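Work through the exercises below with the model open beside you. Try each task before you read its solution.

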Amino acid sequence: MEGDAAALAAAAHAAIPANWHGPFPANAPSLGMDLFSPGDIRPVWEANRLLAVPLLALAARIAPAHGHLVRAETLLHEWVAANPPFRGPAWACGQEAALRAMHLCLALALLDADRTPSSAMRVLLSAHARRIAATRAYAAAQDNNHAVSEPAGLFVIGLVLGDPTLARCGARGLARAVARLVAPDGAFAQPSPGYHRLLLDTLAVAEWFRLHHGAPPFAAPFADRAKAATLWLRRVMEPTTGVLPRCGAVDDSVFADLSLHGTADARGSVGRAVALFAADGSAGGALRLQTTPPKAEGPLETSSWLRVRLTGLVTQGTPGAVEPAPIPGGAPSPLALSIPFPPIAARQARVPRTTTVPSPRTNHRARHHIEVSKGPSAFGGVRSGEGQSPSPVAPYSPPPDAPPPARTWRTEGWYGASTDRFRLLLRTGAPLRFRPAQNDLLHLDLALDGAPLLIDGGTGAYNPPPGRDWWTAALAGTAGHNTIQFDGEEQMPRVGRFLFARWPRCRAVPGGAALRDAAGRRHDRCVDLSGGRVVVADRAAGAFSALVLRWRLAPGEWRLTDEGAAGPRARLRLTADAPHRLRLAQGWHSPAYGRVEPAPVLELAAAAPVSLLTTLVEAW
């Protein structure tokens, strides 16, 4: 257990920045400050979520005599002194205040102090509640995680402060947001598996606090939508590694990560969501969960911020052991939020991310290329069918009696299919009810044997470093995705940093999806998985002069062939019903937020009239 506490303490240390404010002014009024000119605020906000505090609280619970609570207390004193309410970047966003407050409340719960917080903590949490309430209308209008995280924060704060009015307000807002933003089939308004994970993390913490404090259930359809959202992410996640496709906007958020799975492994998030929302067996075999809390070694330290109460915690028959007091109604202990908790030998503490960027060239999308001219040919028709390195945590294995995953599935905005070797995710956009984050419609992500093969370009950064403005177009543009681009134009024109206009009309078709853009150009995509291959049929129509089909390949040793490209694990064979050129070009991809690296891109370019393009992916 001492090793577990040491790993948590090391992870907490890695989460503490050298400077809380980054390039942003420390004392500027938060609500009016410039969030873009000084630099990228995303890493600053991540550090100010104070994940280190619940990590140290959990370490103190495991090894109370080792000073972890004193370090948490010191950290809070330093943070409060450096970040007075409504001053500086830490208070500039209501969602960030909500996530930070929930981390603080979670730390109190891990120390059994969430019903009697100290006066200093009450003042701090009250300030967070005021900050969240100041911009609630703005958050709701975003139709994304802001609209979920902020009422969740108010709900949890209300419970901890013993303020039933605040808790009811938060509960109503959270239930409304989930009803609006989570579809009955589990799809989330923010089209991104990464942000879907943040959604589940937020709902899990809110639900745990609800159970822990005996609050009434959230209004329908919260329970059904939370369950559906859990099953959606479980379906998308690679089960042996926890890797999620980097589709849509991705900022590598990880919330309440007490199991130290990190940004690249979503098994901890899916595991606790299954335990809280889908424990009835509908998940097809829940992750193996550790629910027995580790025993502490002696009296817990006390402090002015994180007051600890030991009454009722001594376990009978175990001298000196400290465990959570029984919770009315059978709610799980606070340690349940850290499940699955892997052995220390299998866990590594996270280290701060660094940004490594290749030197840009004049043409960022292709430094070099090889071309092969091809005439009309085709593989034939396609059958319709319905239906970054992971952390070294012990892999999840479903129970032997778990039913096999569905071969094909469809939800709002997505279509998926899988075989024993392939796992496919298609961004259908059908229907396109909420604003898209990238020009990624009909993008196809493909994994082979649990590892990415055809990939999304990722995000890079919301506010790229000086001289890296090209990141946004290269990664979020149409050329940054595995889809067709007509006449070198974007699927949608960008009219703001996070806003697109003239959305295409998207619809589902058997085995895929179709779109019609504002210029009347049409793209239909159908996929078929059978045996050891994948067939993708793309049909194009409408008034266009030329098109390019791109396949963004996972980094590796790829070579151009007469029919496509061959790599270490698979080959691609492309055909078209008109003369075309093949090119293996250098593109870019973002394996983690703040990093952009070279990646090979296979391109097929053809002039009109061309109507059918077929791609065959064969595994070695």
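The exercises cover a sheet, a helix pair, two buried residues and some backbone angles.

This is a predicted model: local features need pLDDT of at least 70, side-chain atom pairs count only at pLDDT 80 or more, and totals for chains, interfaces and linings use all residues. Residues are numbered from 1 along each chain as its sequence is written, and side-chain values use heavy atoms, with hydrogens and water left out.

**Exercise 1. The sheet**

Task: Find the order of the strands in the open sheet of eight strands, and state how they pair.

Solution.
- Begin with the terms. Helices (H or I, at least four residues) and strands (E, at least two) are DSSP runs, numbered from the N terminus. Two strands pair if DSSP finds at least two bridges between them.
- Recall the general rule. Strands of a sheet pair through backbone hydrogen bonds, either parallel or antiparallel.
- Now read off the order. The open sheet runs 10-11-12-13-20-17-16-15, and its pairing is antiparallel.
- Next, look at the edges. Strand 10 (505–509) and strand 15 (559–560) each have a single partner strand, so one side of each lacks a neighbour in the sheet.

**Exercise 2. Strand 12 and its partners**

Task: Is strand 12 (residues 522–530) largely enclosed or largely open? Then trace its pairing with strand 11 and strand 13.

Solution.
- Apply the cut-offs. Buried means under 20% relative accessible area, exposed over 50%, and partly exposed in between (1.4 Å probe, protein chains only).
- Check burial. Seven of the nine residues of strand 12 are buried, so the rest of the structure largely encloses this strand.
- Take one partner. Strand 11 (residues 512–516) pairs with strand 12 in the antiparallel sense, over five bridges. Arg516 has Arg522 of strand 12 as its bridge partner.
- Look at the hairpin. Five residues lie between strand 11 and strand 12, and Gly520 in this hairpin has a positive phi near 85 degrees.
- Take the other partner. Strand 13 (residues 533–541) and strand 12 pair in the antiparallel sense over nine bridges. Here Asp524 stands opposite Arg539 of strand 13.

**Exercise 3. Another strand pair**

Task: How many bridges join strand 17 and strand 20?

Solution.
- Locate the strands. Strand 17 covers residues 570–576, and strand 20 covers residues 612–619.
- Count the bridges. There are seven, and the pairing is antiparallel.
- Pick out a facing pair. Arg571 stands opposite Glu618 in strand 20.

**Exercise 4. Two helices**

Task: Describe how helix 4 (residues 68–82) and helix 6 (residues 119–134) cross.

Solution.
- Choose the descriptors. Two packed helices are described by the angle between their axes and the distance between the axes.
- Know how they are computed. Axes are lines fitted to C-alpha atoms, for helices over the stretch in contact, and angles run from 0 to 180 degrees between N-to-C directions.
- Give the values. The axes come within 13 Å and cross at roughly 45 degrees.
- Classify the angle. Under 35 degrees is roughly parallel, over 145 roughly antiparallel, 65 to 115 roughly perpendicular, and the rest oblique. Helix 4 and helix 6 are therefore oblique to each other.
- List the contact (heavy atoms within 4.5 Å). Helix 4 gives Leu76, Trp79 and Val80, and helix 6 gives Met121, Leu124 and His128.

**Exercise 5. Two buried residues**

Task: Which residues do Ala101 and Arg42 touch, leaving out those up to four places away in sequence?

Solution.
- Place Ala101. This residue is in helix 5 (residues 94–110). Its relative accessibility is 0%, so Ala101 counts as buried.
- List its contacts. Ala101 touches Leu125, His128 and Ile157.
- Place Arg42. This residue lies in helix 2 (residues 42–47). Arg42 is also buried, at 5% relative accessible area.
- List its contacts. Arg42 touches Arg49, Asp251, Asp252, Ser253 and Tyr593.

**Exercise 6. Backbone angles**

Task: Look up phi for Asp143 and Arg502, then omega for the bond from Ala220 to Pro221.

Solution.
- Recall the usual case. Most residues other than glycine have a negative phi, and most peptide bonds are trans.
- Read Asp143. Its phi is positive, near 55 degrees. Asp143 sits in the loop between helix 7 (136–141) and helix 8 (145–161), and is buried at 18%.
- Read Arg502. Its phi is also positive, near 55 degrees. Arg502 is exposed, at 54%.
- Read the peptide bond. From Ala220 to Pro221 the bond is cis, with omega near 10 degrees. Pro221 is in the loop between helix 10 (193–212) and helix 11 (222–236).
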